[in-house]
Amino acid sequence: MLAFVGHLFAANSDRVIRIGGSPMPPLVYLDTNDQVAGIIPQLVDQIAKESNWKVLWSVDSWAKQLERLESGEIDIMSGIGYSVERAIKFDFSEQSVLSVWGQLYTKPGYQVANFLEVDNKSIGILNNGISGLRFIELCKKFGVDCHIKNYDSFRDVFKAIHSGEVDAGVVNSHYGFVVENEFNVIRSDVMFNPFPVLFATKKDRNKHLLDKLDSTLGKWKNTEDSYYYIVTDSWLTQRKSSPIAKWLRYLLTIFIIATIITAIIVFILRGEVRRRTFELNRSEEQLKQIIDLVPHAIFASDQKGHIILANKETVKLFEKTLEELKHLTIEQLIEIHPYYSKLLNDERVRYHQKSELRQEISVCPINKEMKFYDVAKVPFVKKDDCEEGVVSVAVDITEQKLSQDKIAHMAKHDDLTGLPNRSFLMDRLEQSLLLAKRHKRFGAVMFIDMDLFKNINDTMGHSVGDELLKITAKRIDLHCRTSDTVSRFGGDEFVVLLNELGYEYDAAKQNAKSIAKKIQAEVIKEVEIGGNNISISISQGLVFFPFDATNTEQIIKRADLAMYHAKLLGRNKVVTFHPQMEQRINRQERLKTELKSSIKEQQLEVLYQPQYNIKTNQIEGAEALLRWYHPFEDFISPMEFIPLAEESDTILALGEFVLSESFSQLLNWQKSFGQQFYITVNLSARQIASDLLIPFIDNLIKHADLSYHSLELEVTESLLMMDMERAVDVLSQLKKRGIKISLDDFGTGYSSLSYLKKLPLDKLKIDKSFVNDIPGDHDSEAIARTIISMASELGLEVVAEGIESEAQVEFFREQGCYLFQGFYFSQPCTVAELNRALIKQKNQA
């Protein structure tokens, strides 16, 4: 039930603000006096006083509050986590109240050491809660088959664990810490998905309220003894909870019983009022024998619409016996089979003196295939009265019609997906372009390409690839309008024609990008095909006509170019065409060609960025980083040429070059500075997919007379997600040889304890996006602490990369992280520069 409680904080309040929350102490809950309490209400109360607001609180189940936020019954939802799906409907605050993570609790006697041990167990989660949704995603991603039960509150989840209704349950960490002692539950070692607790408003509404919350919270957080820290510090030491009463209702059962009795009575009465109206005479019997031989539906009705004649095909068509048909009128039969209304309706003949009516109709019975009939209706008069009736003949022409339609459809549609093909699209585009020019309205073409689809075909087979294409086609079509055309252009390419986007370019651009973003979010959702969990992104290029192009060939070419540019920017992007792209693409194609000869022309150099251990104050190793010194353009960034290399087999040659150069230098460094010195080399997705990687490394180790322990290979989370099974297999083989495996950019993907345990890892590198905001950003600090704690539990080393200040070093040292890489210690070095640094270090030892 929606109930508002609140306080007037100013005599002349400008506005009543309705804020919703779900019971989850210490954030929000109702105390024993049914008053709103918790961290968030106290912070909001203070902001309300400063802003001259009157605040009305609503505390109810999580799912109901989300519905109210979407419908506008409340202005702000508190204690909410961000997700891509929610961002479609809601705006979120930038400042958080706290950071929490998902925590798994179990019943006594059931021990869970890692995520995989919940397989085949019953798990309780909060209905539509972020922690629960992420838990379900992780289950699907890593093949954990557990039975999910949804509950209205975290308290109900704990009650279910306490009573044995479920084996375990997921709550947010702070709620668990506060309430766990009230129930017979055990906190497990499984925790996952750290996320900030935010405020949200309905999309494009009340943004000024979020701005006020952000500005005040941001100001408080920057002051050490502010009201924010006074409130949060006081609450996080308390343990409060708010019981929720259960209500039982039995009226539904009584209503169902009454409805069944009424239905039975109506059925009996209706059956008893049926009676036979007339009998066929001998001539009609003879006629019946003749028409029963005809393989078409033939039936007749009198002036009042009563059916007086029907052959066997009619009985079969309407699924009624002859006796049942005799007791029905045309109107009653239409009520029973409304989809046959065109076939049955004979008013044009009966009441409008039509001598004959002939038409071709289509019929689609419920749960059956569509049928086509050639229907003829003529009037007739019985010899024993003067009332005029109607004779109808329905010839089934479905097979003939479908054959014609199939031929026409196949000529203009793709066999695999059923979407319009390239020819059909170009016809539609030609028409749309003419209309756009005539009416001065903008249209757009969206060129879509599935990222790294070839890898799926190569590793999982074409049957899996074909199924993924069909699913992607449906997902693209889901978010397009009926006036749009979605086509399969060829291979893994789709083209969407968006019509009538508006009279103004900016409005058209906004509408098209909105559709593109919805398609992007839909396509990337994970799907299971043949036992494989697959998530694939798309790159999209947009062209607006007649603004960006004036003929169909130019439109498609430039849309394709914009899509290609989206891939160059890192894939999973939406890019609008700009004339400079044609210049850029010419340059990119030239660089691709020149990159192939860069090794032979000795234009490449490997630099090395040291990794420092502040415990020993020593350089323990270095990461190999490739640089390209172009003869005409001087230095070309790896951010530009590495993606170009990945689009072809050039990346394999570059990878072998870096490994060879690194091994050569490593041998010299170990002879001069000790056997403990190691080199870290990055692996690409194509190297992981290549069968030549492991033999190549084995050969290098053998000829360089080096230990496998001297080499460390670095992979990224995004690389692993392309083909997790292949990556785990290859990395496990390398790990068995003694090579160390490092996971780069950790924290930017679907990281969890079970995910890490599945991989043969030795080291984690905390992504610099978290490091940049430390110290000072509460959320980044909380996430960094969680990552270091998780790594410690798994016995993994942690490297903080992107270190640029002493304050960052001090923060990570206090958390137990001692291995660093970044400009604060050293920029990437040439061989000579690193030699000097190592000699200096040796002399100081």
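I take helices (H or I, at least four residues) and strands (E, at least two) as DSSP runs, numbered from the N terminus. The model I am reading is predicted.

**Entry 1: overall counts**

I counted 33 helices and 34 strands in the protein. Of its 845 residues, 49% count as buried. I then looked up the contacts between residues at least 6 apart in sequence, and found that 69% of them join residues at least 24 apart. The exposed area comes to about 42000 Å², with 51% of it supplied by carbon and sulfur atoms.

**Entry 2: strand 29 and its neighbours**

I went to strand 29, residues 678-682, and noted that 4 of its 5 residues are buried. Strand 27 (residues 618-630) pairs with strand 29 in the parallel sense, over 3 bridges. Strand 30 (residues 711-716) also runs parallel to strand 29, and 4 bridges join the two. I looked for a residue to mark the register and chose Ile-679. Ile-679 is the bridge partner of Ala-622, and Ile-679 also stands opposite Leu-711 in strand 30.

**Entry 3: helix 22**

Helix 22 covers residues 580-596, 17 residues in all. I checked its span from first C-alpha to last: 25 Å, close to the 24 Å expected at 1.5 Å a residue.

Which residues of helix 22 are buried? I listed Met-581, Ile-585, Gln-588, Leu-591, Lys-592 and Leu-595. They cover an arc of only 125° around the axis, so they sit on the same side of helix 22. Gln-583, Asn-586 and Thr-593 are exposed on the other side.

I next asked what the buried residues of helix 22 pack against. The list holds helix 21 (552-568), helix 23 (638-646) and helix 24 (650-673), along with strand 25 (574-576), strand 27 and strand 28 (634-636).

**Entry 4: salt bridges**

My total is 35 salt bridges. I wrote down three pairs and one network.

The first pair is Arg-18 with Asp-75, whose closest N and O atoms are 3.0 Å apart. This pair links distant parts of the chain, 57 residues apart: Arg-18 is in strand 2 (residues 15-21), and Asp-75 is in the loop between helix 2 (62-71) and strand 6 (76-80). Arg-18 is partly exposed at a relative accessible area of 26%, while Asp-75 is buried at 3%.

The second pair is within helix 22. The side chains of Lys-592 and Glu-589 meet in a salt bridge at 3.7 Å, N to O, and the two residues lie 3 apart, about one turn of the helix. Glu-589 is partly exposed, with a relative accessible area of 38%, whereas Lys-592 is among the buried residues of the helix.

The third pair is Lys-765 with Glu-623, at 3.0 Å, N to O. Lys-765 lies in strand 32 (residues 763-766) and Glu-623 in strand 27, so the pair ties together parts that are 142 residues apart in sequence. Are these two residues buried or exposed? Lys-765 has 0% relative accessibility and counts as buried; Glu-623, at 6%, also counts as buried.

The network of salt bridges I noted links Arg-587, Arg-590, Glu-594, Glu-633 and Glu-640.

**Entry 5: the hairpin of strands 20 and 21**

Strand 20 (residues 485-490) has 5 of its 6 residues buried, so it is largely enclosed by the rest of the structure. I found 5 bridges between strand 20 and strand 21 (residues 493-502), which run antiparallel. Ser-487 stands opposite Val-495 in strand 21. The two strands form a hairpin with 2 residues between them. In the turn, I read a positive phi of about 55° for Gly-491.

**Entry 6: backbone exceptions**

Most residues other than glycine have a negative phi, and most peptide bonds are trans. I looked up departures from both.

A cis peptide bond joins Pro-25 and Pro-26, with omega about 10°. Pro-26 is in the loop between strand 2 and strand 3 (29-30). The bond from Ile-774 to Pro-775 is also cis, with omega near -5°. I placed Pro-775 in the loop between helix 30 (768-771) and helix 31 (778-794).

For positive phi outside glycine, I noted Asn-52, near 65°. Where is Asn-52 found? Asn-52 is in the loop between helix 1 (39-51) and strand 5 (53-59), and is partly exposed at a relative accessible area of 22%. Glu-319 also has a positive phi, near 55°. Its place is the loop between helix 11 (312-318) and helix 12 (322-326).

How values were computed
Residues are numbered from 1 along each chain as its sequence is written. This is a predicted model: local features need pLDDT of at least 70, side-chain atom pairs count only at pLDDT 80 or more; totals for chains, interfaces and linings use all residues. Side-chain values use heavy atoms; hydrogens and water are left out. Buried means under 20% relative accessible area, exposed over 50%, partly exposed in between (1.4 Å probe, protein chains only). Contact means heavy atoms within 4.5 Å. Accessible areas come from the Shrake-Rupley method with a 1.4 Å probe; for residues, only the protein chains shown count as cover. Two strands pair if DSSP finds at least two bridges between them. The expected span of a helix is 1.5 Å times one less than its number of residues. The arc is that of the directions from the helix axis to the C-beta atoms. A salt bridge is a side-chain nitrogen of Lys or Arg within 4 Å of a carboxyl oxygen of Asp or Glu.
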